[in-house]
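This report describes a parallel sheet, the helices that lie across it and a separate helix pair. The model is predicted.

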Amino acid sequence: MVQVDNSHQTVLVVDFGAQYAQLIARRVREARVYSEIVPNTVTAKEINNRNPTAIILSGGPKSVHADGAPLIDPDVYELGIPILGICYGSQLIAQQLGGTVDRSGRGEYGRTQLSPTGEPSQLLPDDVTTGDVVWMSHFDAVTEPPQGFTVTASTIEAPAAVIEDTNRRIYGVQYHPEVAHTPHGQSLLQRFLGEVAHCQADWTMTNVIDESVEAIRSQIGEGRAICGLSGGVDSAVAAALVHKAIGSQLVCVFVDTGLMRLGEGEQVVETFQRTQGIELIHERAADTFFEALQGITDPEDKRKTIGEKFIRIFEQAQGGVTDARFLVQGTLYPDVIESGTNDAAKIKSHHNVGGLPDDMEFELVEPLRNLFKDEVRAVGTELGLPDEIVWRQPFPGPGLGVRIIGEVTPEAVAILQHADAIVREEILNAGLERDIWQAFAVLADIRSVGVMGDERTYARPIIIRAVTSEDAMTADWARLPYEILESMSSRIINEVDGVNRVVYDITSKPPGTIEWE
C-alpha cells in the first residue's frame, strides 16, 4: 500500500473520540504542518519513537470522572514535547498533573464570551480581547490548574478556560479552536504550531504529489496497475496521480454499473480517454449489477455485493494487461474512519474499504488514503484536472445503489437519476454549487397517496438531501431558500414519473450520516 515517505515534521493528534481528532488534524494541515492521528492508547515510548514536533490532545464525549474514561500515558508529559489539550484534552492535562476538574455549574454549549485574565500568554493571539466569541461544548471544567500553570483566560462557567505552563510547554484550552465558530481558533493553533512548537510550514499539495509519486513508483516498480474509475472526484484524482507516477503502466477500468448519475458515464470516458490520454477500458455492466442486487435490501449487503462484483469485473476486464497485480483506489481518510479503525467505531463500511473480497487478487494502491477531501481537490487542481471533475460533488462508491432505499432495480434507478439531475441543476442555477458540500435525491421504499389532476396516485417520495461541510466528518443540513426547494419539488413531481411527493431532510451529521445508507 502506498505510504508517503514523509520527511516533514509531524504533529500527533491523540484521538479521544467523537470525531474531534479528524477536524483538528485537518486544521493543522491547513496551517501547512503535517499531522497524523494516533489512538489514546499510544505509549510515551511509541510517541517518542515517532519524534513528533508537537502533540495535541483532542476533545471527546466523556467526562474525565467517568468510569473507563480514556487516559493518556502520563509519561507523555515528561517527553519535553509541546502539548496542547483541547476541551477534554485540557481537562485531562489538569487532572493528570494534579489540578482540579469539577462540574462548575450548568456547563457551556455553543457561543461563549472569553475574558483574558491579563497574564502574559504564549498561546492566545495578541488581538484576543474580552468578549471575543469561542465555541464551547462541556459540562466539566478546570477549576484549579496544576502547579506551574497560569490561567490566561476564563469564561463564566470555565474559570480556567486557558491554562499555560510555559516552562514545560504544556497548554490547555477548554473551548474548541478547531471549529469555524471560534473566530480566532485557527490563529491560536498556528501560534501553538509556529511560535511554541516551531513547526515548519512545509506541508503543501506540491510536496504531497512529489512524495506520492515517489511512493507509487517504489510500490509498483515496473509492474502494471489498474485503476477503477467510479466517476467521482476521488478515483479521478487517484488515477491522475498514479498516471503521473507510472504513465503507460496504468490502465483505467471504468465499470459502468448502471448506478451512476445521469450522463456521468459519458463524461468519464471523455475526460480520461480523450482529454487525459489515459488508456481506458469501458465495461458496460449494468445488467450484471442489477442481477446481483435482486432481492437485496439491507444496505450493508448492497455495499458488499457492489464492492465484490466491482472487483470481479475488474478481474475479468484485464484483457491485455493480465500481468497487472495492483489496484488503484481513491480511498480517503474519512472512508477509513467511518469503516472502523482501532480508534473509531464502525459507522458503515465503504465498498473500497470494507467491501472488498478476501480472495482479491490485487495489491491495493491508495495514494489518497491519508488525505481529506479538500486536499484531494487541491491535488486534482495541481495535476491539471478540469473543474468539472475536481469540484464534482462527492459520490459514494456504490453509486445510486445506496441512495435507493430497498431493492435496486432499473426502474428505481431511472426515477432517481432524473430526480437527482433536477436537484443538482437547481443548485447549479442558483449559484450554490461551491457552497453546498452535497446535494442529491434519495428514493424511499414507501408509497403515499397523492392527487395529480383529477386522479388519485399512490407513488414513491423523493427525499432531497443537501448539506454543508468542510471534510464530511461533520455536516449541517443546508438552509436552501424556499424558492429553490419549491422549484425542485415542482419539477420533480411534474417531470419524473412514479413520484408524487418531495420531502427535505433537515438532519445534521451527527446524528445522521450524509448518505441514507
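## Strand β10 and its partners

Strands β10 and β13 run parallel and are joined by 3 bridges. Within this pairing, Cys227 has Val328 of β13 as its bridge partner. Strand β10 also runs parallel to β11, and 5 bridges join the two. Here Ala225 has Leu250 in β11 as its bridge partner.

Strand β10 covers residues 225-229 and β13 covers residues 326-328. Of the 5 residues of β10, 5 are buried, so the strand is largely enclosed by the rest of the structure. The cut-off for buried is under 20% relative accessible area. Ala225, Cys227 and Leu229 point one way from β10, whereas Ile226 and Gly228 point the other way. Residues on both sides of β10 are buried.

## The sheet as a whole

The two pairings of β10 belong to an open sheet of 5 strands with parallel pairing, in the order β12-β11-β10-β13-β14. At the edges are β12 (280-284) and β14 (363-365), each of which pairs on one side only. On average, neighbouring strands of the sheet are turned by 30° against each other, with direction ignored.

Strand β11 spans residues 250-256 and pairs with β12 in the parallel sense over 5 bridges. In this pair, Cys252 stands opposite Leu280 of β12.

## Helices across the sheet

Helix α6, residues 233-246, lies across β10, β11, β13 and β14. Its direction is at about 160° to β10. Together, β10, α6 and β11 form a right-handed β-α-β unit.

Helix α9, residues 299-316, lies across β10, β11, β12 and β13. Helix α9 runs at about 135° to β10. Strands β10, β11 and β13 are thus named in the contacts of α6 and also in those of α9.

## The α5 and α11 pair

Which way do α5 and α11 lie relative to each other, roughly parallel or roughly perpendicular? Helix α5 (residues 205-220) packs with helix α11 (residues 373-382) at an angle of about 80°, and the axes are 9 Å apart. Angles of 65 to 115 degrees count as roughly perpendicular, and α5 and α11 are therefore roughly perpendicular to each other.

On the α5 side, the contact involves Met205, Thr206, Val208 and Ile209. These residues meet Glu375, Ala378, Val379 and Glu382 in α11. By class, the residues of the contact of α5 with α11 are 5 nonpolar, 1 polar and 2 charged.

Conventions: Residues are numbered from 1 along each chain as its sequence is written. This is a predicted model: local features need pLDDT of at least 70, side-chain atom pairs count only at pLDDT 80 or more; totals for chains, interfaces and linings use all residues. Side-chain values use heavy atoms; hydrogens and water are left out. Two strands pair if DSSP finds at least two bridges between them. Helices (H or I, at least four residues) and strands (E, at least two) are DSSP runs, numbered from the N terminus. Axes are lines fitted to C-alpha atoms, for helices over the stretch in contact, and angles run from 0 to 180 degrees between N-to-C directions. Contact means heavy atoms within 4.5 Å. Buried means under 20% relative accessible area, exposed over 50%, partly exposed in between (1.4 Å probe, protein chains only). A crossover is right-handed if, with the strands pointing away from the viewer, the path from the first strand over the helix to the second runs clockwise. Angles under 35 degrees count as roughly parallel, over 145 as roughly antiparallel, 65 to 115 as roughly perpendicular and the rest as oblique. Ala, Val, Leu, Ile, Met, Phe, Trp, Tyr, Cys and Pro count as nonpolar, Asp, Glu, Lys and Arg as charged, and the others, Gly among them, as polar.
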